[in-house]
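Biologist: I would like to learn how to read a structure like this one, feature by feature. Could you walk me through it?

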Amino acid sequence: MLTLLTAMYVVVRAASSEAQPIRVVVTGAAGQIAYSLLYSIAKGDVFGKDQPIILVLLDIPPMLPVLDGVVMELQDCALPLLREVIPTDKVEVGFKDLDAAILVGSMPRKEGMERKDLLKANVAIFKAQGAALDKYAKKTVKVLVVGNPANTNCLIASKSAPSIPKENFSCLTRLDHNRAASQVAIRCGVPADSVKNVIIWGNHSSTQYPDVHHTKVTVQGTEMAAYDAIKDDAWLKGDFISTVQLRGAAVIKARKLSSAMSAAKAICDHMRDIWFGTKEGEFISMGVYAGGNSYGIPEDLIYSFPIQLKDKNWKVVDGLPINDFSRAKMDATAAELVEERDTAVAFLSQ
């Protein structure tokens, strides 16, 4: 009898100790970035190997038949953590009780489209999604904006969700960060994880500033500054920067499609670091609200900074020395973001 009671206690305890499922939405869920992303989320690569997931797939009505195919594939993966898949075109379904929102869908730039027209179209999308997050999601929801122009779309979503803390919104510059780290690793002939603390400052655009003045590279067991490891200042201040800035365009030229596999990997890295934190002594790049920053960046922007994360909260790494070369590039990308913001906010009030 005692053995039976003990066994029942163990079963009940095991059942009660299993984590409750979290609700995660991916917008633009029928697109190619999502197709590379959803498997990793559902498998446990992002939110943990013991964290059950309810995956919500949101897209526009014409894409619902495609979503049905994505749902079938996710079911056919037979993933133990994936408790439910919900395809929808309705924000009240898509954003209900969310723990995490990955906003991939946006209006792409079409041939002949002016940048202000692109901004106007995306202001409408992210104003609506911000308002829906405000109305339906948990107030603790972590929101990652991927759809371009990501920084300004993120700012508009945040402004449209006043009851959710600004700190819960971030935009993706981890792809640029990973590109920069990889370029340094290739140049030094070391694995990518031998490079740490690269920084992407500013906008996820061709004005972004990939900065390796604070980067460390481990070469043959010895950690050294990136400038000492590479020994080519002209490359670091020239081709390295332009390669990272223009990498997205280079991928499109080669593939005739925008970055998907690498974008999905960067989204996973970004969200996993929010959930589990950054390693001691290391920082990554995220676009976050610039209020109160110590680097002289205008406050009402989403700007990419060096970031450390702990307990699902981020902080900007303060006190890094900034030389004149870096200052000029940080200010140039900030100026572009101010211009984008002012144009977008004017549309927001229309």
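Modeller: Gladly! Helices and strands here are DSSP runs, with at least four residues for a helix and at least two for a strand, numbered from the N terminus. Read that way, the protein chain has 13 helices and 14 strands. Keep in mind that this is a predicted model.

Biologist: What radius of gyration does the protein chain have, and what would a compact globule have?

Modeller: The rule of thumb is 2.2 Å times the number of residues to the power 0.38, taken over C-alpha atoms. With 350 residues, that puts a compact globule near 20 Å, and the protein chain has 21 Å, so the two agree. Along the principal axes, the C-alpha atoms fill a box of roughly 75 × 55 × 40 Å.

Biologist: What share of the residues counts as buried?

Modeller: A residue is called buried when its relative accessible area is under 20%, and exposed when that area is over 50%. Of the 350 residues in the protein chain, 50% count as buried. As for the surface, the protein chain exposes about 16,500 Å², and carbon and sulfur atoms supply 56% of it.

Biologist: And how do I read the contacts along the sequence?

Modeller: Take contacts between residues at least 6 apart in sequence: in the protein chain, 73% of them join residues at least 24 apart.

Biologist: Let's turn to strands. Which strands pair with β13?

Modeller: Two strands count as paired if DSSP finds at least two bridges between them. β12 (residues 284-289) and β13 pair in the antiparallel sense over six bridges, with I284 standing opposite I307 in β13. β13 and β14 (residues 313-316) also pair in the antiparallel sense, over four bridges, and there K310 stands opposite N313 in β14. As for cover, seven of the nine residues of β13 (302-310) are buried.

Biologist: What links β13 to β14?

Modeller: They form a hairpin with two residues between them. D311, in that turn, has a positive phi of about 55° although it is not a glycine. With a relative accessible area of 65%, D311 is exposed.

Biologist: Where else does a residue that is not a glycine have a positive phi?

Modeller: Look at K231, whose phi is positive at about 55°. K231 lies in the loop between α8 (226-230) and α9 (233-237), and its relative accessible area of 67% makes it exposed.

Biologist: Which peptide bond is cis?

Modeller: The one from N148 to P149, with omega near -5°. P149 is found in the loop between β5 (142-145) and α6 (150-159).

Biologist: Now a smaller sheet. In what order do β7, β10 and β11 lie?

Modeller: They form an open sheet of three strands in the order β7-β10-β11, with antiparallel pairing. β7 (195-196) and β11 (222-225) stand at the edges with a single partner strand each, so one side of each has no neighbour in the sheet. β7 and β10 (residues 216-219) pair over two bridges, and V195 has V217 in β10 as its bridge partner.

Biologist: How many aromatic pairs are there?

Modeller: Rings of Phe, Tyr and Trp pair if their centres lie within 6.5 Å, and by this rule the count comes to seven. One of them joins Y303 and F305: this pair is tilted, at 4.9 Å centre to centre with 45° between the planes. Y303 counts as buried, at 0% relative accessibility, and F305 also counts as buried, at 0%. Ring pairs link W201, Y295, Y303 and F305 into a cluster.

Biologist: Which charged ends sit over rings?

Modeller: The charged end of K166 sits over the ring of Y289, 5.5 Å from its centre. The charged end of R187 sits over the ring of W235, 4.3 Å from the centre of that ring.

Biologist: One last residue: is D273 buried or exposed?

Modeller: D273 is buried, with a relative accessible area of 12%. This residue is found in helix α12 (residues 261-276). Leaving aside residues up to four places away in sequence, D273 touches R174, T278, I284 and L309. You have already met I284, which stands opposite I307 in β13.

Note on methods:
Residues are numbered from 1 along each chain as its sequence is written. This is a predicted model: local features need pLDDT of at least 70, side-chain atom pairs count only at pLDDT 80 or more; totals for chains, interfaces and linings use all residues. Side-chain values use heavy atoms; hydrogens and water are left out. Buried means under 20% relative accessible area, exposed over 50%, partly exposed in between (1.4 Å probe, protein chains only). Rings of Phe, Tyr and Trp (its six-membered ring) pair if their centres lie within 6.5 Å; planes under 30 degrees apart count as stacked, over 60 as edge-to-face and the rest as tilted. A charge sits over a ring if NZ of Lys or CZ of Arg is within 6 Å of the ring centre and within 35 degrees of the ring normal. Contact means heavy atoms within 4.5 Å. Accessible areas come from the Shrake-Rupley method with a 1.4 Å probe; for residues, only the protein chains shown count as cover.
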